[in-house]
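Visitor: Hi! I'm new to this one and would like a friendly tour. Could you bring it up for me?

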Number of protein chains: 8
Amino acid sequence: MNSDIRALLEGIQQGTVTVDEALLQLKQQPFEDIGYAKVDMHRKLRQGAGEVIYGAGKTAQQIIGILTAMASHGQKNVLITRLDDEKAAEVKAVHPITYYPEARIGILGQMEPPHGMGTIVVATGGTSDVPVAEEAALTAQFLGNEVLRLYDVGVAGIHRLLSHSAELMSASVIIAIAGMEGALASVIGGLVDCPVIAVPTSVGYGAAFGGIAALLSMLNSCASGTAVVNIDNGFGAGYMASTINHMEAKH
Amino acid sequence: MNSDIRALLEGIQQGTVTVDEALLQLKQQPFEDIGYAKVDMHRKLRQGAGEVIYGAGKTAQQIIGILTAMASHGQKNVLITRLDDEKAAEVKAVHPITYYPEARIGILGQMEPPHGMGTIVVATGGTSDVPVAEEAALTAQFLGNEVLRLYDVGVAGIHRLLSHSAELMSASVIIAIAGMEGALASVIGGLVDCPVIAVPTSVGYGAAFGGIAALLSMLNSCASGTAVVNIDNGFGAGYMASTINHMEAKH
Amino acid sequence: MNSDIRALLEGIQQGTVTVDEALLQLKQQPFEDIGYAKVDMHRKLRQGAGEVIYGAGKTAQQIIGILTAMASHGQKNVLITRLDDEKAAEVKAVHPITYYPEARIGILGQMEPPHGMGTIVVATGGTSDVPVAEEAALTAQFLGNEVLRLYDVGVAGIHRLLSHSAELMSASVIIAIAGMEGALASVIGGLVDCPVIAVPTSVGYGAAFGGIAALLSMLNSCASGTAVVNIDNGFGAGYMASTINHMEAKH
Amino acid sequence: MNSDIRALLEGIQQGTVTVDEALLQLKQQPFEDIGYAKVDMHRKLRQGAGEVIYGAGKTAQQIIGILTAMASHGQKNVLITRLDDEKAAEVKAVHPITYYPEARIGILGQMEPPHGMGTIVVATGGTSDVPVAEEAALTAQFLGNEVLRLYDVGVAGIHRLLSHSAELMSASVIIAIAGMEGALASVIGGLVDCPVIAVPTSVGYGAAFGGIAALLSMLNSCASGTAVVNIDNGFGAGYMASTINHMEAKH
Amino acid sequence: MNSDIRALLEGIQQGTVTVDEALLQLKQQPFEDIGYAKVDMHRKLRQGAGEVIYGAGKTAQQIIGILTAMASHGQKNVLITRLDDEKAAEVKAVHPITYYPEARIGILGQMEPPHGMGTIVVATGGTSDVPVAEEAALTAQFLGNEVLRLYDVGVAGIHRLLSHSAELMSASVIIAIAGMEGALASVIGGLVDCPVIAVPTSVGYGAAFGGIAALLSMLNSCASGTAVVNIDNGFGAGYMASTINHMEAKH
Amino acid sequence: MNSDIRALLEGIQQGTVTVDEALLQLKQQPFEDIGYAKVDMHRKLRQGAGEVIYGAGKTAQQIIGILTAMASHGQKNVLITRLDDEKAAEVKAVHPITYYPEARIGILGQMEPPHGMGTIVVATGGTSDVPVAEEAALTAQFLGNEVLRLYDVGVAGIHRLLSHSAELMSASVIIAIAGMEGALASVIGGLVDCPVIAVPTSVGYGAAFGGIAALLSMLNSCASGTAVVNIDNGFGAGYMASTINHMEAKH
Amino acid sequence: MNSDIRALLEGIQQGTVTVDEALLQLKQQPFEDIGYAKVDMHRKLRQGAGEVIYGAGKTAQQIIGILTAMASHGQKNVLITRLDDEKAAEVKAVHPITYYPEARIGILGQMEPPHGMGTIVVATGGTSDVPVAEEAALTAQFLGNEVLRLYDVGVAGIHRLLSHSAELMSASVIIAIAGMEGALASVIGGLVDCPVIAVPTSVGYGAAFGGIAALLSMLNSCASGTAVVNIDNGFGAGYMASTINHMEAKH
Amino acid sequence: MNSDIRALLEGIQQGTVTVDEALLQLKQQPFEDIGYAKVDMHRKLRQGAGEVIYGAGKTAQQIIGILTAMASHGQKNVLITRLDDEKAAEVKAVHPITYYPEARIGILGQMEPPHGMGTIVVATGGTSDVPVAEEAALTAQFLGNEVLRLYDVGVAGIHRLLSHSAELMSASVIIAIAGMEGALASVIGGLVDCPVIAVPTSVGYGAAFGGIAALLSMLNSCASGTAVVNIDNGFGAGYMASTINHMEAKH
């Protein structure tokens, strides 16, 4: 934001903008207010990422409204997360999104072609973790990353994981997704030297407590080089992995 | 207890005991009441195990009193758990116990020579888990088991564990002890086909929550053939493992 | 796994396998990858147990796919847990499973004839615990164990439990299943000298907290020789009990 | 309080008290304000019990001040709970209290002679529960009850408890005190038909969570006729039991 | 139970029963085993109360089966708790129960005429607590108690409660039922000198946490003479209150 | 209440009311008892606010009954919270309420014209917090306050919030509503010098734990001048803000 | 901050400040960086309050350093909270603070003379809550408020509270401080029509859980016009109350 | 590990190693077993990092033993975390470590010269977070990173943070460290486009719950590109940041 402020200040100094215009601009420019939402129009510039709508707490009409506002500002590629089947259908009737039901993701426009530092591996402990994994994988693909999926490689059958050590070791970033005891992140973290993003899932029952067991397990991982996102937060993991995978582009 | 009741009933029927004698016997025989404790005198017969004193909530004087009562009934071998240094010194002044400070265990008399089905492996994730492991190992030895210690084989360096697969696979029972994320039990459970007793420890900080993270992790283990005891309960794991390891003696 | 590696290494030394073949074999042999799952084909050999599918997080189509992959490798007997009525019907249309609705278990093929060390007793505190108990009992039967059911023998009417002391005392392993205050495991644990597997259930309301009260109660049991599995984990208890009951077969 | 209000109102009506006097009386009479405490002077009349000081959050000087204020109003018998050794010594230097270190109770004056409906039985699961039990027992004795102590009768050795069934069954009220899994209350509750007051204790470690396990266990007791007080609240249990035991005196 | 054992023992001594008959009798007499339940037939004698079925975890068919077994042993009056509308209709088709939908209680046979020491007051903090209150009130009435209902007298409008001080002060036992902050029990406990049974309810939202806030509040009540039952456990409170209210009948 | 008591006492003194009349008046006047509820008729006078019905735990019939009782006492303006669509329709058939579905609020009669000290700003972190915000805003408007809504100004895009600093700084009271990490209250609290009422919402998933994350965050706010209400308690925040905003009217 | 920005912008426009100077000013002006702390120098202007140092996580040397930095900017009156005896002595050796040991508060300079809208009442449930109450009271006095202390007026003896209704009803703001069950806030909230700030304290034991019971109780208060601060946060309550009490000064 | 296995396999094929030698090598090479620990000697190669000893659960003698074992394998640079003053002194007497008391870190040998992609910014919310921040900063420096410290820039004074936006925006990775409400991570995450590692600290009191409030807040951050490590885990954050900052070295 600093550079924006500087530009504005210089405009004032040079007489090209008045003080009131500047104040106005500070207030109106970066987003459009559509009542129930302030739609961010410059986030791509400011944060280096395409636009994302968190679909969970919004009605289909609200999502459509936000998409419309974005479209009017030229935003062509939008990722909508936590979008259930019904809302997806409603949105699709207005905006031409592609819908991925397992990941509950809708995508308007195109995925960016891969341009990161390397491959992001998305690994899961079991089959039940796949929906969260798909959310992570599609998010990373949308943001321009090569993605390799390794599903059902949980630690209770360690040979399944070890047989993929070559893929793990050549990854740029690894997203380790597991519910129940969430040990996958620790075992992978002990094998590789790239950053590992751990995603606990709400898979399991009883003392899994909706993902708390896996979350605590991952936070306490004795493997260095691991950090954790919220339970079931495939999007956050995919986004974080992409940010890491695109670091060199920054300099 | 059934056989005791039957014996008593038959005594009444045969006229060798009166009804009042029988009732009296039911009340007095199995333990001695020393006020603050009811000292069990027949537990070895009834449960097939040597006598154990849980030292945590008792004063040194109370422990001495219980040992004295046991001695007067001919109990020669007693295991005292959770015995801190000071109490141990006080007890030692009266009863000739051997004290193991790391395990906080005192033993009166002898350990039984090994006579179980096989070897009990006691494995830990890290160095900090060793005190709990020693409590488990000494308990198992006291109860007549061969014990093999494998310490600091945590999953973040999986090769350390895998290099011991031979010992793990030939074990009769395995006690897997770990704090932090507690993944050791799952990984071991996935490698072997013998019963695994998992012991979470209070090792760690922050979101380890005094062992809760490891406890939940172990309860949610996706490896079959695993069961869990209380946090830091080395004694319970050693006892359970011994019970399993002595099964064939029963028939 | 050690012996597999040794065999492979010797093959290389003897020139019967090349290095690349060996690496390939390490990667492909132990399971078949069907995308959403890595189907374990050698677990019976490695772990001494029949194959099991955890049905909870899988669609009927995924379960069918796994069964088909197993069938193509000659696996005839498969246990499917947490299988609800609807999925069971879908699966049944393709694979001839027997479905047990109360236990939510489907079984493909045969139960193994009993060949363990003795009888496994499955005891419950109340009528509401029966579904979990049936999951445990059927699992144990599937794995080749004699099972005796003692239902509704909770501690609030201790005479109901004591009247079965003969059965309890002659058991090889006991599975104690209870919700609410979960005291059953402690009382049984104090009566017998065989291993006791405690299963907390989510039966109850209010401060039962979905089984937490029973879980904590069982973890804190003052009876030695007791270990605990996850809330409602009848399968885990049955599997663990079977593992213990088959120990002598190992030597 | 209703009768006090009526008396006051009638006094106004009869002209014996003015309105301002009445308001003043309402404000000043029932307690004396000594700054850090409002010392209740009429509680014995209003609630039918001797005076009690909860010692935990108060300094020795504050306790002495309250005792002095009570003495100046003629209160001769006072029970002070949660009084540690040091404070007890300080208080004793001013007021002639009798101090019970195990129960951390100080008593000024006399215990009332027993005059309740029957005997209150105080039972504990183990030796470590005795301090809480003594707090309960002494409270009940102070309030005029016959008390029978049954210590170390935990459910893991059910014969110890059953051998006392005669005493249990003839009790007027039973206080069941236990830590760890807290099953004592349920088993006793299933044997008797008198009210049972359950007291969880903070005895135990790990998943005992400072008494939470026992608390939840007791709240979920499947035995009817049981109610629970706070963890380690021996005083509350003794008071409640006394209230119940003195019911007939009310009519 | 002691007296039963003595009777049996004397029978053996006198030759009227054989040892095997005695053992058989010990096993079969006190309940009937109908597979999914052990129906207690002598509980009225042993515990001084009519029979109760906890309906929550049972199917309508199971409840009918238990009622039939009871009927065949002459039990005429049965209380069924946690009975929802559908099950009630199914049961009613076989056994002539009276159903109270708000309290979710079904009663077979008659309520006992009041014969306790005095009146049980059932007070609630709000209107939403009424279903739990009705469970408590009907239970107490079924067990032979006079009941007075005081609903919606929560502490946020303290005058509503104070206006009923006469009824509160003349009660034999008070059941204080409240959700949210659960302060009702403390305020009532400070006004009266009879036993108070506190029932937290799951009424509320957010940080009410399904009744935990009220439960903790009641456990920490600074008013003496109060004990607590499980969240929403109207039955338990009614039963406990009845036990207390019938104490004099015992002597 | 003091002034009522004084008036009553003076009436007695002057002979205009008898003692029994006074006692009767104390009991009957302030509310009407309609069985399931004690309808407060004088709360407006006593607390300075219009009447409110908490609709959550009440049936439509109960709400109608309370409204009818209020109407018969001349209460014209009533706010009903937590009123779902179905109940609203039932109520509307009898009493002419205006229903706001997003806020789940029904209003009988008129909103009071604004007469407070200034404007109440209602700010939310996201779009999903709007229903709670509307509950707060409508409550404040009902109670006679000017309200300004600032929705979707969460801290992850701090410029959206900063662009509204003028409105924030001229507010009389600010209600900061946010789920997830709940940081909005701290950031606003650091910018302004008026009281801030923080409302955590149950928006979010996983480790949001139904609003606990936001609740804890807000309770730990390092910004002074902030206090917190229950999760999703828009009504409580609106009421508290109105109380603050009307302070000068008191003197 | 808006007005600062505007002033700066106008300065640029008028040529009195350059762009780089403005940016520099934005960065350096509002605080002084002394390494471990950024000492706020303009908070009084920006937030309308004197300066406060939270002493808990700081060493005596750090506190001294901050005071010195403040002094060099002309700040004469500073409140230091959570200052223990030892640190207070060290600080006093350098800066002439007045230390209040019970409240753990140090004050440099003067308290402001009272200039708010009315009196702030600080009420506690018991004697043990007094330290938190003194923190609140001294904070409010430091910030220029008249304070009235009402200590030990807990709800278990409701007459003690009611006898002070006159003081409660004439308060401008009330701070209700209580541990254990925390009911004080609800009862006060039901009596008065001014804002009530509730402060849970960590007083109590067992299920008080270090103040959680009181915290939840207060968050769920059914009395409107109440908001809550963190456990033991006397400072926060005093600050919030002062902010409310000084509202009229703003317009 | 794959490449090691391949090398070993090729050795066997070429006849340079025998099968038994290979198995031996697999077991002995990667670590040295010194009883209480398996000292990893090749981790630098395998994971790309210097060696680290977690000092918390180890005695000074154990740490010395591990350092000695490392030294004998040529490891010159070792980082010891969670090393308190006393242990540091004992270790220093044998191995020439440099000790950083605030960070509780000891370093044997040299810090690596910076060679990462850019600067790692370490920011804290307050002064009390500095010890954790120093652990993070020193870890990152030890592993060869340029580090910039920004301490006491918490969100309650947002201008302190905003004044550093230039440094934040030019960072390669940011470590955001905060206790209490932990909002720092979200606000920073919303300003920058580089990866943010959030570290909750146990700073605070009451409902901070030893860091849980900050942990939950950070897990629920609505700012994308953020991941979290354990409470107070400065080391983990520094290590993760270094791993990210050295990514380009990998290709």
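Guide: Sure, and one term before we look around: a polar contact is a pair of N or O atoms within 3.5 Å; within protein, one must be able to donate a hydrogen and the other to accept it, and residues adjacent in sequence count only if both atoms are side-chain atoms. This is a predicted model, where local features need pLDDT of at least 70 and side-chain atom pairs count only at pLDDT 80 or more, while totals for chains, interfaces and linings use all residues. Residues are numbered from 1 along each chain as its sequence is written, chains are lettered from A and ligands numbered from 1 in the order in which they are written, and side-chain values use heavy atoms, with hydrogens and water left out.

Visitor: Okay, how many residue pairs are in polar contact across the interface of chain D and chain G?

Guide: The rule finds 3 such pairs there, with both residues at pLDDT 80 or more.

Visitor: And how many salt bridges across that interface of chain D and chain G?

Guide: The count is 0. A salt bridge here is a side-chain nitrogen of Lys or Arg within 4 Å of a carboxyl oxygen of Asp or Glu.

Visitor: Which elements of chain D touch chain G?

Guide: α2 (19–28), β2 (38–40) and α10 (212–219) of chain D each supply at least two residues of that side. Helices (H or I, at least four residues) and strands (E, at least two) are DSSP runs, numbered from the N terminus.

Visitor: How much area do chain D and chain G bury between them?

Guide: About 1,700 Å², with 59% of it on carbon and sulfur atoms. Buried area is the accessible area (1.4 Å probe) that two parts lose on being put together, summed over both.

Visitor: How is chain D related to chain G?

Guide: A turn of 90° and a shift of 0.0 Å along the axis lay chain D on chain G with an RMSD of 0.1 Å. That is the relation of a four-fold axis. The copies are superposed by least squares on the C-alpha atoms of residues with pLDDT of at least 70 in both.

Visitor: Which residue of chain D comes closest to the rotation axis?

Guide: Phe209(D), whose C-alpha is at 7.6 Å.

Visitor: Switching to chain A, how is that one divided?

Guide: Chain A has domain 1 (4–108) and domain 2 (119–250), with bounds from an automatic or database domain assignment. In chain A, 15 residues of domain 1 are in contact (heavy atoms within 4.5 Å) with 12 residues of domain 2. The two domains of chain A bury about 1,100 Å² between them, 71% of it on carbon and sulfur atoms. Arg82(A), Glu102(A) and Ala103(A) supply 38% of the area that domain 1 buries against domain 2 in chain A, more than any other three residues.

Visitor: How many salt bridges cross between domain 1 and domain 2 of chain A?

Guide: The rule finds 1. Arg82(A) and Glu135(A) meet in a salt bridge through their side chains, at 3.8 Å from N to O.

Visitor: Where do Glu135(A) and Arg82(A) sit?

Guide: Glu135(A) is in helix α6 (residues 130–142) of chain A, and Arg82(A) is in the loop between β4 and α5 (85–92) of chain A. The pair links distant parts of the chain, 53 residues apart.

Visitor: Why can side chains pair like that?

Guide: Side chains of opposite charge can pair when their charged atoms come close.

Visitor: How many salt bridges are there over all chains?

Guide: By this rule, 24.
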